[in-house]
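Visitor: Please choose one part and take me through it closely. I am new to this, so explain each term as you go.

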Amino acid sequence: MSALTFTLKQAIQQRVDVSALTPDNLAGKSLSDIAAIPLDSGRLKLRVDSLFDISGDNAEEIVFNNASGKLDYIGSKMKSGRITVNGGAGSYLGFQMRKGEIVLNGNADAYTASGMAGGLLHVHGNVGDFLAAAIPGDRKGMKGGIVLITGNAGERAGDQMRRGIILIEGNVGSYCASRMLAGTIGVLGSVGDYVGYGMRRGTLLLTQPPKLHATLQDCGTHTLPFLSLMFKSFSNLPSKFAAINKNRVQRFAGDIANDGKGEILVFK
Amino acid sequence: MIINGVSIDDTFAEAFGMRGTRVLITAQNLRWAYNAARAMTGFATSVIACGVEAGIERELSPEETPDGRPGVSILMFAMSSAVLMKQLETRLGQCVLTCPTAAAFSGIDDGYPEITKINLGKNLRFFGDGFQTSKVFNGKRYWRVPVMDGEFMTEESTGMIRSVGGGNFLILAESQPQALAACEAAIDAMSKVPNVIMPFPGGVVRSGSKVGSKYKSLIASTNDAFCPTLKGITKTELSPEIESVMEIVIDGLTDPDIRVAMRAGIAAACELGAKNGIKRISAGNYGGKLGPYHFKLREIMA
């Protein structure tokens with residue numbers, strides 16, 4: 001059994017929705033069935049084999065090679081297996097993902113991990129705006145699982161995030177953890193303006209002091225035992241966060257304009 | 001059967017089904033982990049009046065605990081799940097929530113066929129008066145409750161399993177100090193056995209009971225057949241040279257755990273042998289009709 005591999009034949013101009021190509025969707029299907037699956041691309045419906053060279057037979061292991069930023073909804077709603085993406089990914093990577101694993105070697109666009117409820121999403125690269133955020137009309141963003149980003153994230157990372165863990169090794173844009181409902185975000189790099197804007201609950205862990213707006217309040221410096229527990233739970237993750245074991249932080253609570261039960265913890 | 005001059009009675013200990021749970025208690029250092037654990041397992045010698053039987057199982061190194069701090073594991077047993085849940089909650093609230101730096105975690109997550117999730121800190125969180133927060137790591141929910149020393153941390157639930165209580169054996173000796181010395185040796189050996197506790201003071205009980213009493217309101221009373229001072233006036237079980245009898249009661253998570261502990265304890269007592277005044281090992285039972293678990297001494301020591 002070798003990994004079911006989709007190799008993009010040539011650069012595409014129009015965006016393509018590849019949400020149909022997930023392990024649980026393709027399980028038990030023959031290569032000819034898979035080749036005939038229609039994919040939405042603007043007004044068109046394109047056969048899978050018109051875009052990709054298909055090889056391999058193990059639908060539990062899906063590989064996208066030569067992938068481009070025009071491929072949206074990779075791993076959407078997936079419930080099992082593993083998807084590896086080599087190249088880039090478009091928007092909505094891991095959209096409403098339930099279980100399994102996605103590894104992206106490249107950059108992803110907006111709304112990565114939006115609505116994700118479980119599993120592991122590992123991006124070796126950067127992601128665009130609205131990481132783990134709710135799509136317009138939804139009230140909650142990411143609802144569970146773990147997201148690891150080795151590069152940077154754009155603006156509004158964790159907007160309306162409800163549960164789960166996001167660990168970002170690079171920098172994050174403005175409005176990080178805005179309107180966050182709960183969950184944990186860790187950022188090793190810098191964050192932009194208005195961090196925790198409208199944050200309701202949840203934890204944002206930073207290594208450097210951010211610029212704070214008026215409704216985030218200093219609660220002093222503390223040694224918090226739960227951080228040891230948290231970093232112990234990270235110790236098996238393929239991330240720089242796995243090596244951290246510090247529990248001395250300055251605690252800022254907020255956004256007190258919106259309940260104020262969120263916290264921004266800054267390593268001392 | 002005679003081991004080192006100590007005769008092993010052809011009898012059995014009769015034990016009952018109980019509900020058991022384990023809780024891991026950590027703190028800044030072992031001293032405070034013990035303070036919390038001793039408080040939580042205090043006044044928990046017998047279900048007759050304490051509700052639960054509880055004790056400290058063993059010390060935990062920082063590598064073994066969820067939060068990387070030193071700790072101890074405790075076991076708690078009750079006759080019903082409702083009593084166990086109630087006692088766990090009240091004891092956790094009064095003894096661990098109150099103890100500086102202490103935290104509590106689940107001690108049973110897998111490894112048993114039937115595990116029921118029961119509340120650990122689930123309701124204690126409301127002490128936080130709205131300032132409590134929860135965190136989920138590796139699928140387990142933890143609560144952080146702000147308290148005056150910082151934060152009280154507790155896992156939301158722990159596991160409860162069907163377990164066994166009331167395993168026991170009696171040590172019959174020529175004098176009280178010799179009986180006690182044998183009990184101490186037995187307890188030292190048994191405290192190294194995992195999954196069991198000996199709930200009585202120091203692990204040893206002197207007031208073994210029989211069912212019933214001459215007084216109508218008492219359901220149990222002193223086991224006069226084993227009382228050395230009544231040898232002449234009651235239907236005694238004791239031979240003339242026996243001057244003192246002490247009992248060790250064992251509660252364990254499973255039937256095999258109790259067997260291992262009984263074997264370790266009896267072996268340690270027998271090691272002192274007849275030359276140190278240890279004459280006989282017996283066990284307490286009710287004729288075999290009440291408890292579903294029978295621990296035959298000679299089978300265990302075979």
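Guide: Start with B:R144 and B:E151. Their side chains meet in a salt bridge, with 2.9 Å from N to O. The term means a side-chain nitrogen of Lys or Arg within 4 Å of a carboxyl oxygen of Asp or Glu. Keep in mind that this is a predicted model: local features need pLDDT of at least 70, side-chain atom pairs count only at pLDDT 80 or more, and totals for chains, interfaces and linings use all residues. Residues are numbered from 1 along each chain as its sequence is written, chains are lettered from A and ligands numbered from 1 in the order in which they are written, and side-chain values use heavy atoms, leaving out hydrogens and water.

Are B:R144 and B:E151 buried or exposed? Both are buried. That means under 20% relative accessible area; exposed is over 50%, and partly exposed is in between (1.4 Å probe, protein chains only).

Now cross to chain A. B:R144 also forms a salt bridge with A:E263, and here the closest N and O atoms are 2.6 Å apart. Between chain A and chain B the count is one salt bridge. A:E263 is buried too, at 3% relative accessible area.

A:E263 has a partner in chain A as well. A:R251 forms a salt bridge with A:E263, the closest N and O atoms being 2.7 Å apart. A:R251 lies in strand β16 of chain A and A:E263 in strand β17 of chain A, so this pair ties together parts 12 residues apart in sequence. Strands (E, at least two residues) and helices (H or I, at least four) are DSSP runs, numbered from the N terminus.

For the wider picture, the whole structure holds 23 salt bridges over all chains. One of them joins B:E299 and B:R259, with the closest N and O atoms 3.8 Å apart. B:E299 lies in helix α6 (residues 297-301) of chain B and B:R259 in helix α5 (residues 255-272) of chain B, so the pair ties together parts 40 residues apart in sequence. B:R259 is partly exposed, with a relative accessible area of 25%. Back at the starting point, shared partners join A:R251, A:E263, B:R144 and B:E151 into one network of salt bridges.

Next, look at how the chains meet. 17 residues of chain A are in contact with 19 residues of chain B. Contact means heavy atoms within 4.5 Å. The area buried between the two chains is about 1400 Å², and carbon and sulfur atoms give 60% of it. A:F226, A:L229 and A:K232 supply 41% of the area that chain A buries against chain B, more than any other three residues. Buried area is the accessible area (1.4 Å probe) that two parts lose on being put together, summed over both.

Rings come into the story too. A:F231, A:F234, A:F267, B:F105, B:F137 and B:Y142 form one aromatic cluster. Rings of Phe, Tyr and Trp (its six-membered ring) pair if their centres lie within 6.5 Å; planes under 30 degrees apart count as stacked, over 60 as edge-to-face and the rest as tilted. One member of the cluster, A:F267, has A:K246 lying over its face, at 4.8 Å from the ring centre. Elsewhere in chain A, the charged end of A:R156 sits over the ring of A:Y175, 4.5 Å from its centre. For this, NZ of Lys or CZ of Arg must be within 6 Å of the ring centre and within 35 degrees of the ring normal.

The whole structure has 17 aromatic pairs over all chains. B:F16 and B:Y286 form a tilted one, 6.0 Å centre to centre with 50 degrees between the planes. It links distant parts of the chain, 270 residues apart: B:F16 is in strand β3 (residues 12-26) of chain B, and B:Y286 is in the loop between β17 (278-282) and β18 (293-296) of chain B. B:F105 and B:Y142 pair edge-to-face, at 6.1 Å centre to centre and 65 degrees between the planes. B:F105 is in strand β6 (residues 103-106) of chain B and B:Y142 in strand β9 (residues 140-147) of chain B, 37 residues apart. Both B:F105 and B:Y142 are buried.
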